[in-house]
Each structure stands twice: as C-alpha cells, then as structure tokens.
Amino acid sequence: MGPVILNHMSETIAEIRNKAAASLSPKRQQQWEQFLTPMPVAEQAASLFTHSDNPVHILDLGSGTGILGAVTARQAAPGSSVLAIEQDAQLASASELSLAQVCDRAKVINASVFDVLLDTKFDRVILNPPYKKIRPITIPTSRGDLKITNLYAAFLVIAIQALSEGGECVAIIPRSWMNGAYFKDFRGWLFDECSIDVIAVYGSRQEHFKDMSILQEIMLLKVSKRPQTNSVTIYGDITPAHSLGSQSSVQASLNSITLGKDLILCIQQQDSRLSEFKSLEARGLWVSTGKLVWFRNRDLLSEDKPVDGYPLYWSDNQNGLRTQHPIECDRKQWVTSSATDRNVLLPAGNYCLVNRFSAKEQLHRINASYLSSDVEFAADNKLNYIHQGTSRRTMPLDSDVARGLTLWLSTTIIDNWYRQISGSTQVNATDLRQLPCPSKEQLIQLSRLLPTDIYASQSLIDQTVGGLFSWTKAG
Ligand SMILES: C[S@@+](CC[C@H](N)C(=O)[O-])C[C@H]1O[C@@H](n2cnc3c(N)ncnc32)[C@H](O)[C@@H]1O
C-alpha cells in the first residue's frame, strides 16, 4: 500500500510528511529511495538560501511530500513560485497539498526528473535526491559529457544546470562525493560550474533522519551560479537540534581544502603536526588495488598449495602489522599456475597492504600490514597495495620503507586523518595517495625503531612514531 491519501487542508507540512513517512510502501521506498526529510533538517537546508525581497522561482527535484519546496517557499517573498517534480504519484499528491499551504503559484509534475525538459531557469533549487549507485551514465553539460555513477550526482547536475545566473542550490546529500575516484570528474565539473558556498556535515548518523534509518553520513551543500566565493563556510559537525546560525563554522578558501589533482575535499582542520609532510604520491609512492576479483577467477583458486601455484592474499591475511600466509580461514589461500595468463600476479618483493573497506565504528579505518614475498603472488581486489611504481607498473618497495610505511599508516594520527577525509566505508587508493607521508629516509629510520613482525600495541606504535618526529618522548 502506498502513502495514505492526504486531503485535510488543515494538516501542516510536517504532518503531511510524517504521515507519508509512516505509510510508505517498503518496496517502493527501497526502489525509489524514499527517505523523507524531517522538518528540522528541511528548515536547516532552506535557511541556507540568501533572503531576497523579490519573488523567486523555486525548483524541488524528487520532491517527496514537497517539504523542501514548501519550506523554501514559506520564507520567500510573496509572488514566488514552485515547481516540484516527483515520480511517485501518491507522494506527488502530497507535494501538491504541502505546497498549497504556502504558495498559490505551485505546480507538481508527476514524472521522472530525467523525463522533464526544464526550459526555464530557477533562482532557488532545493533537493534531497535518491542516493543510489547506478551503472555509469553520461550527462551532456555545456562543458562536455560528464560520467556519473550515482543518482544523487545526476540529480545535482540537473539541479545546477537549472540555476539562473546568481541562483542558489541547496542539496541534502551523502558526503561521499567529496573524496574517491568515482566522483573525481563530478568534483571537477562542480568546481568549474558554480561557487561552493556552504558545506555542513551532520556529526551523527542517527540524529538527522531519525525515522528513516539512513546509515550514510549526510551533509548540506549550498552552491551558487557565480564565480567561486573567496571563502567557503564549513560546518564540520552539525546537529538538527539547533539552528545552523547557533552552530560553529569556519571559513576557508576552496583551494585550501582541496587536495591534489583528484580534487579531494578535506573540510576538517587536520592535525597541524601533519602539515610538514608531503603526500604519499609526492614521495614517489603509488597505491593500487589488488588485481584478483575472486568471483571472476573461481577456477584459479585452490585450498591447498598447487604445484607451481602462487600465494593469494586477502584482508583476512592481515594480522596487526604483519601479513600471514597461509592461514586457516574460509578463503582459499592459493591460485594455480594458470594465474600467469590472467594478469593478476604481482612481482615478488616488499609491500605495504591496506584494507579497502572499513566502517566508521571500527577501531581502525586503515589496517596496514607489511608483506614480504619472495615469489610472485596475487592480492584480492579488496586490498590496496603500496609500491613505488606507477598505475601501469608495479615496483616493490625496499623492505625498510615498506615496514616504516606500515608503522606510519598504523598510527592514530593517520587513522584520524583518513576519518576526516572519508565518510564512506571505502578506503580507496585515490584518497590514500594524498595521505601525508614522511620521506623514505624517515620511513627507514622508523622501521629500525619498531619491528613489524611482533604484536605492537597502538600506544607503542603512536609513541614510537611520535618519538621520531619529537611529538612525544619515545617509549
Ligand atoms: C530521498 S527522497 C526525498 C524526498 C523529498 N525531497 C524530501 O526531502 O523529503 C527522494 C525522492 O525522489 C523520488 N524519486 C526517485 N527517483 C526519482 C526520479 N527519477 N524522478 C523524480 N523523483 C524521483 C522518490 O520517490 C523520493 O520521493
């Protein structure tokens, strides 16, 4: 059953939303990503628009119950108008009802935003789009075709293209677009196309969409159609419990929060002790992902060591600072000699392995382990490996560099750095390449202070590294 038909003019916008939220069809909710914005978050989002004494033309994309368009219209000058687009017929009716409360120039189109030709421009665009990953699509823009891999980015491209000169767009989106390779082209397009004005990240994943069980880290993004503003307003940890105006923010230039040519956005103040270090990439190190995708190479996998076979490493083989092989686990520990024909083997030598997935709640986002292999080997695709080659050529590290790097990546200061950069479960190669890294000489020194083949507690690792850089007295 879909949402209850809502036909009492006396219902407030929040009541319309809450009723619809309580009666969403689970199937459609999942299919169309119907996570309806609660009133406190809607009000915070709309509060980001600059007040105008003149009527504005408002667009709400994927409007659900129309809460975002309605709250925006409620605070706009008389004579303002709203266009809402929503593909779910029942939610589109709810949008009509919400908008009728606040605006007599409202229109709701019950269709997919991808099927509506927007032939006018808008002064205010507001959206909380579906967040789903999609198979890559290409969206034509005035700056050429843009490859998009997520619905929310596709909605944002449409939203920003619909802005009039000087127009403003506020979006409630995950923070995943700020880092990683998937969104690199999108970031480039966004920075060229408009000014990034406000970035506000919700601190808790439980608080903002209480009745909707959203597990993503969510943020508000405000952009406007004009040259980049000198200072972006950044709220690093907001709560819907208070107005944005009463929460702390900092100002920073877009340049100062953008890392490397991948344009990774780092909005949190990073530990100043890291500011002296160049990036891993600038140190001549490279991060690649393991080449073996097991379900495409099932026929290669072997439980027992095959004649002329090769070791296969999974994240299960990471054990503290060490990488152990073979181990007792569900994962087959070997690949057969046919692996030589599949381009999945890496040269013998020394590496630092880093897991590719971890959750915010885990003790470590980054799990680094030292690997020394005197034979060629395969690494599962869910592992990153660090070497001194390029994207095309893997070149193993010196043993001391690999061990020093393993210790460095296992420190709390680096784990915190990574947590500031990434809100998703991925620990991706693109982000790791921007990680602050000591020189090779310093890594070698580090490797001599603490062995990687024994268990080392977190405090011992932190103290040892801190001791080398005079942050703390070495233990
Ligand atoms: C995350 S919900 C947010 C709804 C509403 N904007 C709000 O903030 O409460 C996304 C909405 O987009 C709608 N939707 C999903 N795909 C759509 C599409 N292709 N075109 C139009 N609406 C779509 C869903 O039905 C859902 O109502």
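**Exercise 1. Determine how helices H1 and H5 are oriented relative to each other, and which residues form their contact.**

Solution. Step 1: the elements. Helix H1 covers residues 13–22 and helix H5 covers residues 89–102; helices (H or I, at least four residues) and strands (E, at least two) are DSSP runs, numbered from the N terminus. The model is predicted, so local features need pLDDT of at least 70 and side-chain atom pairs count only at pLDDT 80 or more, while totals for chains, interfaces and linings use all residues. Residues are numbered from 1 along each chain as its sequence is written, and side-chain values use heavy atoms, with hydrogens and water left out.

Step 2: the geometry. The two axes come within 9 Å and cross at roughly 165°. Axes are lines fitted to C-alpha atoms, for helices over the stretch in contact, and angles run from 0 to 180 degrees between N-to-C directions. Angles under 35 degrees count as roughly parallel, over 145 as roughly antiparallel, 65 to 115 as roughly perpendicular and the rest as oblique. H1 and H5 are therefore roughly antiparallel.

Step 3: the contact. From H1, Ile13, Ile16 and Ala20 meet Leu91, Ala94, Leu97, Ser98, Gln101 and Val102 of H5, where contact means heavy atoms within 4.5 Å. By class, this contact has 7 nonpolar, 2 polar and no charged residues. Ala, Val, Leu, Ile, Met, Phe, Trp, Tyr, Cys and Pro count as nonpolar, Asp, Glu, Lys and Arg as charged, and the others, Gly among them, as polar.

**Exercise 2. Establish how far helix H8 is enclosed, and relate H8 to helix H12.**

Solution. Step 1: H8 spans residues 399–409, and 10 of its 11 residues are buried, so this helix is largely enclosed by the rest of the structure. Buried means under 20% relative accessible area, exposed over 50%, and partly exposed in between (1.4 Å probe, protein chains only).

Step 2: the buried residues of H8 include Asp400, Arg403 and Trp408.

Step 3: in H12 (residues 458–468), Ile461, Thr464, Val465 and Gly466 are buried. Their cover includes H8 and helix H11 (440–449). After H12 comes Ser470, with a positive phi near 60°.

**Exercise 3. Describe the nonpolar cores.**

Solution. Step 1: a nonpolar core is a set of buried Ala, Val, Leu, Ile, Met, Phe, Trp, Tyr and Cys residues joined through side-chain atoms within 4.5 Å. The largest has 82 residues, and those with the most contacts inside it are Trp177, Phe186, Leu190, Ile199 and Leu221. Helix H6 (residues 151–161) supplies the largest share of this core, 10 residues.

Step 2: not counting residues up to four places away in sequence, Leu190 touches Ile160, Trp177, Ile196 and Leu221.

Step 3: a second, separate core of 38 residues includes Ala429, Leu435, Leu443 and Ile461.

**Exercise 4. Locate the backbone features at Pro326, Leu263 and Asp308.**

Solution. Step 1: His325 and Pro326 are joined by a cis peptide bond with omega about -10°. Pro326 is found in the loop between strand S19 (322–323) and strand S20 (334–335).

Step 2: Leu263, which is not a glycine, has a positive phi near 55°. Leu263 sits in the loop between strand S12 (258–259) and strand S13 (264–265), and is partly exposed at a relative accessible area of 24%.

Step 3: Asp308 has a positive phi of about 60°. Its loop runs between strand S16 (301–302) and strand S17 (310–313), and Asp308 counts as exposed, with 57% relative accessibility.
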